[in-house]
Amino acid sequence: MKKTSAEENLEARADLLKALGHPVRLLIVNLLRVKPRHNEELAAILRLNQATISHHLSRLAEVGLVESERTQYYQTYSLVA
């Protein structure tokens, strides 16, 4: 059965809330609200390994909250405006 646009919209909203439902992701969003940051910087601030930060950033990117840009040696992440 094909989903209606209202059902798809509801699923997108649920995915967004699931992504924000993890405390580390909320911290990342708050840090990116202040300024764009790279993975290493976020890992140091949150005292987590880079793989964990990458996982959380990927989840936030999947739902359209963050975007990344390659700058010299780093992938810099920022909130989507």
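**Notes on charges, core and sheet**

1. Lys-35 is partly exposed, and its relative accessible area is 40%. The model is a predicted one. Lys-35 also takes part in a salt bridge: its side chain meets that of Glu-41, with N to O at 3.7 Å.

2. Which residues are linked with Lys-35 in a network of salt bridges? They are Arg-37 and Glu-41. The side chains of Glu-41 and Arg-37 meet at 3.0 Å, N to O. Is Arg-37 buried or exposed? Its relative accessibility is 9%, so Arg-37 counts as buried. Lys-35, by contrast, is partly exposed. Glu-41 has a salt bridge with Lys-35 and another with Arg-37. Follow Glu-41 to trace the network.

3. How many salt bridges does a search of the whole structure find? It finds three. One of them joins Glu-62 to Arg-59, and the closest N and O atoms are 3.1 Å apart. Both residues sit in helix α4, which covers residues 50–62. They are three residues apart, about one turn of the helix. Glu-62 is exposed, with a relative accessible area of 61%. As background, side chains of opposite charge can pair when their charged atoms come close.

4. Now look at Arg-25. This residue lies in helix α2, residues 23–34. Arg-25 is buried, yet it has no salt bridge. Where is the nearest side chain of opposite charge? That side chain is Glu-62, 8.0 Å away. A salt bridge needs a nitrogen and a carboxyl oxygen within 4 Å, so the pair does not qualify.

5. Arg-25 does have a polar partner. Its side chain is joined to that of His-56 by a polar contact of 3.1 Å. Set aside neighbours within four places in sequence, and Arg-25 is in contact with Lys-18, Ala-19, His-55, His-56, Arg-59 and Leu-60. Arg-59 is thus a contact of Arg-25 and also the salt-bridge partner of Glu-62.

6. Next, the nonpolar part. The largest nonpolar core holds 14 residues. Those with the most contacts inside it include Ile-28, Leu-32, Leu-42 and Leu-60. Which elements give two or more residues to this core? They are α2, α3 (39–46) and α4. Helix α2 gives the most, with five residues. In soluble globular proteins, nonpolar side chains tend to be buried together.

7. Leu-32 is worth a closer look. Not counting residues up to four places away in sequence, Leu-32 touches Arg-37, Leu-42, Leu-57, Val-66, Tyr-77, Ser-78 and Leu-79. One of these, Arg-37, belongs to the salt-bridge network. Two others, Leu-42 and Leu-57, are among the core residues with the most contacts.

8. The strands come next. Three of them form an open sheet in the order β1-β3-β2, with antiparallel pairing. Why is one side of β1 and of β2 left without a neighbour in the sheet? Strands β1 (37–38) and β2 (66–71) stand at the edges, and each has a single partner strand, so one side of each has no neighbour there. Six bridges join β2 to β3, residues 74–79, and these two strands run antiparallel. Within this pairing, Val-66 has Leu-79 of β3 as its bridge partner. Leu-32 touches both Val-66 and Leu-79.

9. Last, the start of the chain. Thr-4 is in the segment before α1 (5–20). Thr-4 is partly exposed, at 42% relative accessible area. How far is Thr-4 from Leu-42 in space, C-alpha to C-alpha? The distance is 39 Å, and the two are 38 residues apart in sequence.

Note on methods: Residues are numbered from 1 along each chain as its sequence is written. This is a predicted model: local features need pLDDT of at least 70, side-chain atom pairs count only at pLDDT 80 or more; totals for chains, interfaces and linings use all residues. Side-chain values use heavy atoms; hydrogens and water are left out. Buried means under 20% relative accessible area, exposed over 50%, partly exposed in between (1.4 Å probe, protein chains only). Helices (H or I, at least four residues) and strands (E, at least two) are DSSP runs, numbered from the N terminus. Lys and Arg count as positive and Asp and Glu as negative; His and the chain ends are not counted. A polar contact is a pair of N or O atoms within 3.5 Å; within protein, one must be able to donate a hydrogen and the other to accept it, and residues adjacent in sequence count only if both atoms are side-chain atoms. Contact means heavy atoms within 4.5 Å. A nonpolar core is a set of buried Ala, Val, Leu, Ile, Met, Phe, Trp, Tyr and Cys residues joined through side-chain atoms within 4.5 Å. Two strands pair if DSSP finds at least two bridges between them.
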